[in-house]
Amino acid sequence: MIPVLSRAQMRAFDKHAIHQCHVPGVVLMENAGRGAADVISAIIEGRSAGQPGDAAHRAPHPLGSGLSPARAFWPATLPSGAGLRGRPGSVPPPSNGRRGAEEARAARIRSFPVRHVPSPGQPATYPLHARVVVVCGAGNNGGDGFVVARHLLARGAEVQVFLAARSEKVTGDSRINHDAYVDLGGALTELPPGASLAPLEVALAGADLVVDAIFGTGLDRPIEGHLADVIGVLNTATCLCIALDVPSGLDADSGAPLGAAVQADETVTFGHLKIGLLTPEGARLAGNVHVVDLGVPDRPILAQVGHVAEVLRTETIGSSLRPREASVYKHQAGNVLVIAGSSGKLGAALLTARAAMRTGAGLVTICTWADTARAMESRVVELMTTSIDPARVAASLDGALAGRRAVAIGPGLGLDERARAAVDHVVLGWDGLKVVDADALTHFVGRPEALATARGSLIMTPHSGELGRLLGRSARAVEEDRFGAVREAVALTRAIVVLKGARTIIALPDGRMFICMAGNPALATAGSGDVLTGMIAALLCSMDPTAAASAGVLIHALAGDVWRAQTGSDRGLLAGEIAELVPGLIAALAAGSDPLST
């Protein structure tokens with residue numbers, strides 16, 4: 001299990017370790033900062049050598065190939081010529097303007113994987129030839145920053161710390177580490193409210209990297225005024241930016257920026273993944289995420305404080321893909337009905353049905369309107385078709401539903417009254433396994449609670465726009481709090497809800513949530529969601545609904561990653577090509593292989 005914690009749970013984790021397990025808070029801070037210094041040291045070493053890190057020092061990744069890209073712990077963030085000062089490939093610092101910062105950041109290709117670093121040691125060759133600026137706040141995140149600064153200083157780096165407050169504002173464990181750094185000869189410049197930020201700008205112009213240690217996970221208010229100005233200076237710098245725990249200004253729960261927010265290239269988070277890092281916006285602000293432990297056993301503490309979600313793992317999905325018996329025949333393999341398509345939207349039905357076939361359904365029938373069925377018959381070979389009679393919607397659907405194991409309903413079906421009648425009859429009345437998508441979801445706008453009365457089992461697969469319409473809000477509002485929105489949808493509908501997008505979320509009626517870390521922008525293509533609907537419907541024929549939704553989401557996302565690995569592109573993927581990759585991915589996962597290497 002890879003647990004994901006909320007702000008409150010991480011706070012409770014630290015509190016339990018300190019008060020019940022008697023681990024001093026200053027020890028937790030030391031372990032966090034030391035782990036971050038190890039990661040930063042390895043990044044410095046990799047950049048100095050002109051390559052992404054030393055493979056000998058990488059920890060085995062517990063997520064296997066469930067990441068994007070799965071095998072790249074140090075992804076291609078280091079363009080040619082991006083070495084550090086005094087090393088081959090070094091370049092003069094570019095201009096410190098916002099345009100220069102944006103161009104420099106755009107040149108760094110980031111794929112946002114998550115790397116767990118359970119015990120990294122000291123992976124760098126010393127001394128570290130780098131100029132490092134650490135910007136600290138007055139709270140515990142600043143204390144972590146002072147630990148990082150001390151360790152990097154001890155390893156030979158040129159370190160300069162800027163404190164965005166007066167020193168007397170630093171208290172507790174943070175004060176201990178503030179004093180240790182200063183008393184060991186560390187350079188410290190105070191930048192309290194009202195102070196000029198010119199010294200910070202000058203230091204960043206000559207720095208190789210900057211460490212953001214202003215705010216951690218506890219921030220729950222918008223950043224304004226002086227601290228927003230400090231963050232603005234960090235964001236105009238062209239050197240690499242590494243955030244501690246979460247980028248300052250990121251809401252650790254929703255993943256939304258709280259006013260000003262640091263745009264990091266790398267984030268070193270402490271103890272466990274924070275849920276806000278696993279949203280599209282959180283991933284954009286955090287960059288590549290590295291998880292370092294706090295030097296305490298997780299299991300007994302997690303048993304007390306809990307976790308809000310889990311990351312989907314390839315090992316878990318692979319174990320659910322059991323080999324078929326030699327005697328299996330098509331009806332046993334899975335009989336799926338796809339209720340989809342209308343005039344001008346034949347493709348949605350075809351994509352859904354073909355995906356179901358490629359995912360292992362032995363028999364797939366497209367059920368659609370009579371005129372659409374006639375147009376489709378010349379385009380299908382392995383698939384069958386049947387018609388919905390507008391004059392006898394319920395009766396014709398009952399005939400089509402007889403003997404089916406699972407139903408996929410909605411893609412391209414239409415939004416008129418006859419389509420609404422068909423959707424209500426199947427979604428609310430049929431006592432079976434259903435994947436509800438696209439137009440079928442839209443028919444419940446203004447009455448989402450009706451879904452809670454549905455017979456059978458529902459898996460809903462909305463994107464943010466569809467979910468927003470169901471909840472009466474905008475797609476943007478959903479994206480600003482994806483986890484809150486999906487929890488609300490589950491409470492309203494009592495269904496399994498799959499919120500599609502970067503970092504797809506699977507939310508269950510029992511409160512559990514799973515997050516898919518695989519996938520890439522190549523999947524942002526028309527029909528991609530229709531393919532996922534067909535895949536999940538096929539998997540429902542041999543799995544329970546939770547396993548089917550999880551397997552469908554991960555395999556679909558991995559198909560995008562395999563395609564990108566084959567082509568080197570993050571665009572141009574056709575939805576039909578996703579389904580073609582599915583059989584090979586199922587075979588690799590079932591065998592315990594890395595899909596990206598096979």
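Is Ala165 buried or exposed? At 10% relative accessibility, Ala165 counts as buried. I begin with this residue and shall then turn to the chain as a whole. Please bear in mind throughout that the model is predicted.

Ala165 belongs to the loop that runs between strand E4, residues 158-163, and helix H5, residues 172-183. Setting aside neighbours within four places in sequence, its contacts are Ala138, Glu190, Leu191 and Pro192. There is also a longer relation along the chain: Leu227 is 62 residues away from Ala165 in sequence, and the two C-alpha atoms are separated by 9.3 Å.

Let me now give the overall description. The chain has 598 residues, and 59% of them are buried. Its secondary structure consists of 22 helices and 20 strands. The accessible surface comes to about 22,500 Å², and carbon and sulfur atoms account for 52% of that surface. As for the contacts between residues at least 6 apart in sequence, 74% join residues at least 24 apart.

I come next to the nonpolar cores. The largest holds 64 residues, and the members that touch the most other members are Leu321, Val336, Val364, Ile506 and Ile555. Which helix gives the most to this core? That is helix H21, residues 545-567, with twelve residues. A second core, separate from this one, has 62 residues, among them Ala400, Val436, Leu458 and Ile515.

Val336 deserves a closer look. Not counting residues up to four places away in sequence, Val336 touches Ala356, Ala361, Leu363, Val364, Thr365, Arg404, Ala406, Ala537, Ala538 and Cys541. One of these, Val364, is itself listed with Val336 among the residues that touch the most other core members.

Helix H21 also contains Thr546. This threonine has a relative accessibility of 19%; the cut-off for buried is under 20%, and Thr546 therefore counts as buried. Beyond four places in sequence, Thr546 is in contact with Ile496, Leu508 and Phe514.

I turn to a pair of helices. How do H12 and H22 lie relative to each other? Helix H12 covers residues 346-358 and helix H22 covers residues 575-590; they pack at an angle of about 10°, and their axes are 8 Å apart. The two helices are therefore roughly parallel to each other. On the H12 side, the residues that meet the partner helix are Leu351, Ala355 and Arg358, while H22 contributes Ala575, Gly576, Ala579, Glu580, Val582 and Pro583. Sorted by class, this contact has six nonpolar, one polar and two charged residues.

Another helix to consider is H17, residues 464-471. Seven of its eight residues are buried, so helix H17 is largely enclosed by the rest of the structure. Those buried residues are Ser464, Gly465, Glu466, Leu467, Gly468, Leu470 and Leu471. What do they pack against? Their partners are three helices and two strands: helix H16 (438-442), helix H18 (475-480), helix H19 (482-493), strand E17 (457-460) and strand E18 (496-499). Just after H17 comes Gly472, with a positive phi of about 75°.

This leads to backbone conformation. Most residues other than glycine have a negative phi. Two residues in this model are worth noting on that account. Asp245 is not a glycine, yet has a positive phi of about 75°. The loop that holds Asp245 lies between strand E7 (240-244) and strand E8 (266-270). With a relative accessibility of 9%, Asp245 counts as buried. Arg503, likewise a residue other than glycine, has a positive phi near 65°. Arg503 is placed in the loop between E18 and strand E19 (505-507). With a relative accessible area of 8%, Arg503 is buried.

I close with a residue of the opposite kind. Is Thr125 buried or exposed? Its relative accessibility is 56%, and Thr125 therefore counts as exposed. Thr125 sits in the loop between strand E2 (114-117) and strand E3 (131-136). Although Thr125 and Glu45 are 80 residues apart in sequence, their C-alpha atoms are 7.0 Å apart in space.

Key. Residues numbered from 1 in each chain as written. Predicted model: local features only at pLDDT ≥ 70, side-chain atom pairs only at ≥ 80, totals over all residues. Heavy atoms only, no water. Core = buried A, V, L, I, M, F, W, Y, C linked by side-chain atoms within 4.5 Å. Buried < 20%, exposed > 50% of the residue type's maximum accessible area, 1.4 Å probe, protein only. Helix = DSSP H or I, 4+ residues; strand = E, 2+ residues; numbered from the N terminus. Contact = heavy atoms within 4.5 Å. Areas by Shrake-Rupley, 256 points an atom, 1.4 Å probe, with all protein chains shown as cover. Axes fitted to C-alpha atoms, helices over the stretch in contact; angles between N-to-C directions. Parallel < 35°, antiparallel > 145°, perpendicular 65-115°, else oblique. Nonpolar A, V, L, I, M, F, W, Y, C, P; charged D, E, K, R; others polar.
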